[in-house]
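Please walk me through this protein, beginning with its overall build and then moving on to single residues and the contacts they make.

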Amino acid sequence: MNNKYVVLKADIVGSRNFSEGERNSALTNLNINAKKINGKFSQFISADFDISGGDSILGVVKDLSSTYKIILELERLMYPIRLRFGIGYGNINFYESSNTCLLYTSPSPRDLSTSRMPSSA
């Protein structure tokens, strides 16, 4: 399957400055809220949100308007913890038997090739 999708990454702002307890609590909340997003927005999600790179989550969304709704909901769920979002748009190749993202293409001029793995890979 090869279509255009939105790759959304949400990162906890300033987590390196958190105490160990604060960081563990924030990561637990992020993981719990990623599962809530997966359930609430399942019809708009192509690859479930999951922990990526330690203090962030990554998921694949079917369209930009749904992405905006997911961002607003994540901000609400995680308050007062602040999140930083990264959005990529392009073609994605999925594994045949799962909803796991294998690869997405990035049109960014900083990329030397047309395909690259997400930064958390």
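How many helices and strands does the protein have? In this predicted model, the protein has two helices and six strands, and, read from the N terminus on, these elements follow one another in the order β-α-β-β-α-β-β-β. Of the 121 residues in the protein, 37% are buried, and the protein exposes about 7300 Å², of which carbon and sulfur atoms supply 52%. Among the contacts in the protein with a separation of 6 or more, 59% are accounted for by residues 24 or more positions apart.

A good place to begin in detail is the pairing of two strands. Strand β2, which covers residues 45–52, is joined to β3 by five bridges, and the two strands run antiparallel. Together β2 and β3 form a hairpin that has three residues between the strands, and in the turn G53 has a positive phi of about 70°. Within this pairing, S52 stands opposite S56 in β3, and the side chain of S56 also reaches the backbone oxygen of S52 at 2.2 Å.

S56 deserves a longer look, and its place is in strand β3, which spans residues 56–61. Is S56 buried or exposed? Because its relative accessibility is 1%, S56 counts as buried, the cut-off for buried residues being under 20% relative accessible area. Leaving aside neighbours within four places in sequence, S56 is in contact with K9, A10, D11, L30, D50 and I51. One of these partners, D11, is 45 residues away from S56 along the chain, yet the C-alpha atoms of S56 and D11 are separated by 4.1 Å.

D11 leads on to the salt bridges, of which the count comes to three. In one of them the side chains of R84 and D11 meet, with 3.4 Å from N to O; this pair links distant parts of the chain, since R84 belongs to strand β4 and D11 to strand β1 (residues 2–12), 73 residues apart. The two partners fall into separate classes of accessibility: D11 counts as buried because its relative accessibility is 19%, whereas R84, at 49%, counts as partly exposed.

Which residues are linked in a network of salt bridges? The network consists of K40, E73 and R76. The side chains of E73 and K40 meet at 3.5 Å from N to O, and this pair links distant parts of the chain, with E73 in helix α2 and K40 in helix α1, 33 residues apart. E73 also forms a salt bridge with R76, where the closest N and O atoms are 2.7 Å apart. Because E73 and R76 are three residues apart in helix α2, they are separated by about one helical turn. In terms of accessibility, E73 is buried, with a relative accessible area of 12%, while R76 counts as exposed at 53%.

Helix α1, which covers residues 20–40, also contains N33. With a relative accessible area of 4%, N33 is buried, and, not counting residues up to four places away in sequence, N33 touches L77 and M78.

The chain that follows helix α2 has a feature of its own. Where in the protein does P80 lie? P80 lies in the loop between α2 (64–78) and β4, and a cis peptide bond, with omega of about 10°, joins Y79 and P80.

Beyond this loop comes the strand that holds Y89, namely β4, which covers residues 83–94. Y89 counts as partly exposed because its relative accessibility is 45%, a value that lies between the cut-offs of 20% for buried and 50% for exposed. Together with L64 and I87, Y89 forms a nonpolar patch on the surface, and the three residues have about 320 Å² of accessible area together.

Notes. Residues numbered from 1 in each chain as written. Predicted model: local features only at pLDDT ≥ 70, side-chain atom pairs only at ≥ 80, totals over all residues. Heavy atoms only, no water. Helix = DSSP H or I, 4+ residues; strand = E, 2+ residues; numbered from the N terminus. Buried < 20%, exposed > 50% of the residue type's maximum accessible area, 1.4 Å probe, protein only. Contact = heavy atoms within 4.5 Å. Polar contact = N/O pair within 3.5 Å; in protein donor to acceptor, adjacent residues only side chain to side chain. Patch = residues over 30% accessible without salt bridge, like charges linked within 9 Å, V, L, I, M, F, W, Y side chains within 5 Å. Areas by Shrake-Rupley, 256 points an atom, 1.4 Å probe, with all protein chains shown as cover. Salt bridge = Lys/Arg side-chain N within 4 Å of Asp/Glu carboxyl O. Pairing = 2+ DSSP bridges.
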